[in-house]
Amino acid sequence: MDQIISSDYLVVGGGIAGLTFALKVADYGKVHVVTKDLQVESNTFYAQGGIASVVDPEDSFDKHIDDTMIAGAGLCHRDAVEVLVKEGPDRIYELLEWGVNFNRRADKPGEFDLAREGGHSRHRILHAHDLTGAELQQALLQKALNHPNIKIFEKHMAVELITEHHVLGNLQAAFNICFGAYVLDELIGKVKAFSASYTILSTGGASKVYQHSTNPDIATGDGLAMAYRAGVRIANMEFIQFHPTSLYQPGKRSFLISEALRGHGGNLINSEGKRFMPEYDPRAELAPRDIVARSIDAEMKKRREECVYLDMTHLPALEIKERYPNIYNYCLHNLNLDITLKPIPVVPAAHYSCGGVMTSLNGQTSMQNLFACGEVAHTGVHGANRLASNSLLEGLVFSHRAAMKIISKVPRNFGNVIIPPWDDSGVQNEYEWRLIKHNYKEIRSIMWDYVGIVRSTQQLDRAIRRISLIFDEVENYYRKSVITRELLELRNLSATALMIVKAALRRNESRGTHFMADYPESSDKFLKDTII
Ligand SMILES: Cc1cc2nc3c(=O)[nH]c(=O)nc-3n(C[C@H](O)[C@H](O)[C@H](O)COP(=O)(O)OP(=O)(O)OC[C@H]3O[C@@H](n4cnc5c(N)ncnc54)[C@H](O)[C@@H]3O)c2cc1C
């Protein structure tokens, strides 16, 4: 019989949420972290702008809470927002102790160099130049690698949560429990059983479900899809945040042009060089993301153009090069574009999943022994639209709380649990790359065309018919096929797409990131979460 790989804590995903959690519980038991790609690859790694937190004496918790609630358009859970904002500074100071470096002011070296982003009423974004995510990911990873109780399994992709449906033995009162996960070891192509007293989903987001996305390839909604299949409660999947400004470079991997550039004074202009945002919103470039993304979309449609431009040319060149070295160098080397001399071509792209696996304020999901934190979770802080730079903070604050909760718990004994090895009997199909690639592309273009920045009932009806068909086809194919990462990602992407369309069809109004052309107003009838 295949060996079961056991630990006290199984952490699925090694971004800011998973690694923070791992570090917090590592002194209390054995931690296994599985990451489906290389250890460093995550959304966290690519974050540019920074982390929002109240560290300036002139700022206040109330202001950060208000800004978050306003962006969330009526659906933020106030208790969760208060936790996020009030516990944020402690987590930031802890990061400093862990070796993370944030930029300090040149004129007052003791003080943080705080940036301002859309929707924030103050400068409160801590950053490490425009490479904040890389700074965080590397610091957390290094600390985790140095801890004797943490073992990281890279290129290990979780396939399915292990629940009472899988296990054998005399379980006592065993209902709705997670015992770990089946995980594909990509290097040897074999599925192994990882058992644990507690399983933490920290698999990040799902924006790869859209044709244009700022996310790296790992963001295929795996945690959401696994939770969905296991019957765990999921909320607000219709709220996908589109980042207003990803670099327009057709056919190439997307690259984010950080919000911080607009906060720094960048102007959005059309191909005639005319600044257009003031026509759409009095806050102009500093309006919340959903408004800026929709305005760009409208401007592009009105003018039938493929992109708009972000103009930084009126700002001091040296300052731009020093503050945004990553963006400056990327544009220079990939587009031969000096952003201090010429405007940057930009388009909106899917960026962030505001909804996710429903959790308590301590990360507990609706399944026993299963916790979720980071972008995969729905804690209630983002409502219908995430405020910029609140997501790294959410990953930090709520993974800390989940860890504290679990440490304080006495593990329950569910009796004699036997986890059987993965059963792949009856599997015949050889891996069919063409079918997978075609369906993958099809899902992403359906989602972009019909479930994008502006939606309508007609478009969503069309999308659900097509996505349901693909979903059934993929499930059928999955049952007969040898498992590969590509096939699993396709399966998870189709489940995630289905959840998004289903949730969108249930919200006949416009709110936050969800804009329906046939229901352009918000309605109090829909002042509630959409729960699947
Ligand atoms: C380009 C870009 C810029 C951003 N800028 C900012 C910013 O400035 N400020 C901010 O607050 N937010 C920003 N965000 C959002 C933020 O980075 C993410 O929301 C956050 O990093 C998510 O962290 P996480 O730990 O939940 O997931 P991630 O960092 O995405 O980590 C997910 C982990 O799960 C693993 N994984 C996924 N599926 C599986 C599976 N099936 N099996 C095993 N492992 C799996 C991955 O390999 C990875 O290790 C940005 C996002 C992007 C893409």
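**Reading domains, a helix pair and a ligand shell**

Modeller: The C-alpha centres of domain 1 and domain 2 lie 29 Å apart, with domain bounds coming from an automatic or database domain assignment. This is a predicted model, in which local features need pLDDT of at least 70 and side-chain atom pairs count only at pLDDT 80 or more, while totals for chains, interfaces and linings use all residues. Residues are numbered from 1 along each chain as its sequence is written.

Biologist: How many residues does the contact take from domain 1 and from domain 2?

Modeller: Two residues are in contact if their C-beta atoms, placed from the backbone, lie within 7 Å, and here domain 1 gives 15 residues and domain 2 gives 17 residues.

Biologist: How should I read two packed helices?

Modeller: Such a pair is described by the angle between the axes and the distance between them. The axes (lines fitted to C-alpha atoms over the stretch in contact, with angles from 0 to 180 degrees between N-to-C directions) of helix α1, residues 16-25, and helix α12, residues 391-407, come within 8 Å and cross at roughly 30 degrees. Helices are DSSP runs (H or I, at least four residues), as are strands (E, at least two), numbered from the N terminus.

Biologist: Which residues surround the ligand most closely?

Modeller: A residue is near a molecule if its C-beta atom, placed from the backbone, lies within 6 Å of it. The ligand is surrounded by 43 residues, the closest being Gly13, Gly15, Gly49, Gly204 and Gly374. Among the elements giving two or more residues to this shell are α1, β2 (31-35) and α12.
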